[in-house]
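Work through the exercises below with the sequence and the model open beside you. Try each task before you read its solution.

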There are 2 protein chains.
Amino acid sequence: MKYPSYLKKTTEKTTNYSNRGMNLEEDINVTNDYYLQNNIAVIHKKPTPISVHKVHYPNRLDAVITKAYYKTKSTTDYNGVYKGFYIDFEVKETKNKTSFPKRNIQNHQIKHMMKVYDHGGISFIIVQFSLLDEVYLITIDKFITKYNEKSSSISIDYFKKNGYLIDKKYMPRINYLSIVDILIEKD
Amino acid sequence: MKYPSYLKKTTEKTTNYSNRGMNLEEDINVTNDYYLQNNIAVIHKKPTPISVHKVHYPNRLDAVITKAYYKTKSTTDYNGVYKGFYIDFEVKETKNKTSFPKRNIQNHQIKHMMKVYDHGGISFIIVQFSLLDEVYLITIDKFITKYNEKSSSISIDYFKKNGYLIDKKYMPRINYLSIVDILIEKD
């Protein structure tokens, strides 16, 4: 059966909305809320850095920003504390089925994560291969080996061998701290 | 000698600018840069949370935010990692000479810091009594005792007895990690 294009578009949107896996960031935020509410960990998403240029004050309390620009993130999106450990990570999605394009992550973010690693923090990247509905956690020390090679992407096989597949559940949706537990034990 | 008011204003501004101690946040940012550059710790100021309502795209790369509002901070301003420890703190100034008004710090920030403490992080408040040019570090577990009492402020004597005076230097300007070292050793 053929739908007119505008109907098809609506159907696609609905599908994407119900398949929560399409939005990894939202899944991670819900997971972090779960960790916080259940007293498991204190991990928050950092606000997006914005440089404010003009502010209008109609009165003392209601400031309206009327001109501002997005700034480049200097660190990662998420950090916090779990079992006394400093946790710091970045979250990325790709629609690629066989590899993760390196351009998806910025060089200064990799540098930041390596610094965290050097200072005894636990730092990693959570990568979702959205069309496969597979989510991997890979520590920054494993990631950087491939990142420093010349190729423009990292194969999914590398994630399978050097990272950890995270099972998706109802709640917590992306239980990445179960992998962090493995990392802590190995150490 | 009496100056006309506009001249006086200029003089005051110049004085404030040269007395860097008047801006504690700037001092802390410079200190954190020093820690980062000298490979001592990775501690950053979180961006101010802003809720974006309208964005104008003159072209694909240059997004201009044309309507946005400041949001309430849900956590603290600073966090990061030092010697493997999770560090989380808030920075406050007062012009009061004898006490710190409790209204200067928000209740949900105190709650956040206590959660960090419960999960094994090191959490504290750095308070500057600007007119005395004295900066104290007080851990959240000591701060909350007085915070939960009925009075509207906490006397400077409480900071002297239960906190740590931080010596100001040229560089690092506010060496609060020297106090964190004492906290780590005591633990």
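The exercises that follow deal with a predicted model, and each is followed by a worked solution.

**Exercise 1. Aromatic pairs**

Task: Classify the geometry of the ring pairs A:Phe124 with A:Tyr176 and B:Tyr35 with B:Tyr176, and place each pair in the fold.

Solution. Begin with the search of the whole structure, which finds 25 aromatic pairs over all chains. For A:Phe124 and A:Tyr176 the ring centres are 6.0 Å apart and the planes stand at 50 degrees, so the pair is tilted, given that planes under 30 degrees apart count as stacked and those over 60 as edge-to-face. Next, locate the two residues: A:Phe124 belongs to strand β7 (residues 122–129) of chain A and A:Tyr176 to helix α6 (residues 176–186) of chain A, so this pair ties together parts that lie 52 residues apart in sequence. Then check the accessibility, where A:Phe124 comes out as buried at a relative accessible area of 0%, and A:Tyr176 is buried with a value of 0%.

Turn now to chain B. The rings of B:Tyr35 and B:Tyr176 have centres 5.4 Å apart and planes at 80 degrees, so the pair is edge-to-face. This pair links distant parts of the chain, since B:Tyr35 sits in helix α2 (residues 24–37) of chain B and B:Tyr176 in helix α6 (residues 176–186) of chain B, 141 residues apart. Both B:Tyr35 and B:Tyr176 are buried.

Finally, look at how ring pairs join up in chain A: A:Tyr34, A:Tyr35, A:Tyr78, A:Phe89, A:Phe124 and A:Tyr176 are linked into a cluster.

**Exercise 2. The surroundings of one serine**

Task: Describe where A:Ser99 is found, and state which residues A:Ser99 touches.

Solution. First, assign the element: A:Ser99 is part of strand β6 (residues 99–101) of chain A. Second, read the accessibility, which is 12% for A:Ser99; because buried means under 20% relative accessible area, A:Ser99 counts as buried. Third, list the contacts, leaving aside residues up to four places away in sequence: A:Ser99 touches A:Thr94, A:Phe129, A:Ser153, A:Ile154, A:Ser155 and A:Ile156. Among these, A:Ser153 also meets A:Ser99 through a side-chain polar contact of 3.3 Å.

**Exercise 3. The interface of chain A and chain B**

Task: Describe how much area chain A and chain B bury between them, and which elements of chain A take part.

Solution. The size of an interface is often given as the accessible area lost when the parts come together. Here chain A and chain B bury about 2,800 Å² between them, with 66% of that area on carbon and sulfur atoms. In chain A, the residues that lose the most area to chain B are A:Ile65, A:Tyr86 and A:His119, which together make up 23% of what that side buries. The contact involves 34 residues from chain A and 34 residues from chain B.

For the polar side of the account, 9 residue pairs are in polar contact between chain A and chain B, whereas the rule finds 0 salt bridges across this interface. The elements of chain A that give two or more residues to the side touching chain B are β1 (42–45), β2 (50–56), β3 (64–70), β4 (78–82) and α3 (107–118). The largest share of that side, 7 residues, comes from β3(A). Sorted by class, the side of chain A that touches chain B holds 18 nonpolar, 12 polar and 4 charged residues.

**Exercise 4. Salt bridges**

Task: Find the salt-bridge partner of A:Lys168 and that of B:Lys160, and say how accessible each residue is.

Solution. Side chains of opposite charge can pair when their charged atoms come close. Over all chains the count comes to 20 salt bridges. A:Lys168 pairs with A:Asp27, the closest N and O atoms being 4.0 Å apart. The two belong to distant parts of the chain, with A:Lys168 in the loop between β10 (164–165) and α6 of chain A and A:Asp27 in helix α2 (residues 24–37) of chain A, 141 residues apart. A:Lys168 is partly exposed at 31% relative accessibility, while A:Asp27 is buried at 2%.

In chain B, B:Lys160 forms a salt bridge with B:Glu134, with the closest N and O atoms 3.4 Å apart. B:Lys160 lies in helix α5 (residues 156–162) of chain B and B:Glu134 in strand β8 (residues 134–139) of chain B, so the pair ties together parts 26 residues apart in sequence. B:Lys160 is partly exposed at 43%, and B:Glu134 is partly exposed at 23%. As a last step, return to chain A, where salt bridges that share partners join A:Asp27, A:Asp133, A:Lys168 and A:Arg173 into one network.

Methods: Residues numbered from 1 in each chain as written. Chains lettered and ligands numbered in written order. Predicted model: local features only at pLDDT ≥ 70, side-chain atom pairs only at ≥ 80, totals over all residues. Heavy atoms only, no water. Phe/Tyr/Trp six-rings, centres within 6.5 Å; stacked < 30°, edge-to-face > 60°. Helix = DSSP H or I, 4+ residues; strand = E, 2+ residues; numbered from the N terminus. Buried < 20%, exposed > 50% of the residue type's maximum accessible area, 1.4 Å probe, protein only. Polar contact = N/O pair within 3.5 Å; in protein donor to acceptor, adjacent residues only side chain to side chain. Contact = heavy atoms within 4.5 Å. Buried area = accessible area lost by both parts, 1.4 Å probe. Salt bridge = Lys/Arg side-chain N within 4 Å of Asp/Glu carboxyl O. Nonpolar A, V, L, I, M, F, W, Y, C, P; charged D, E, K, R; others polar.
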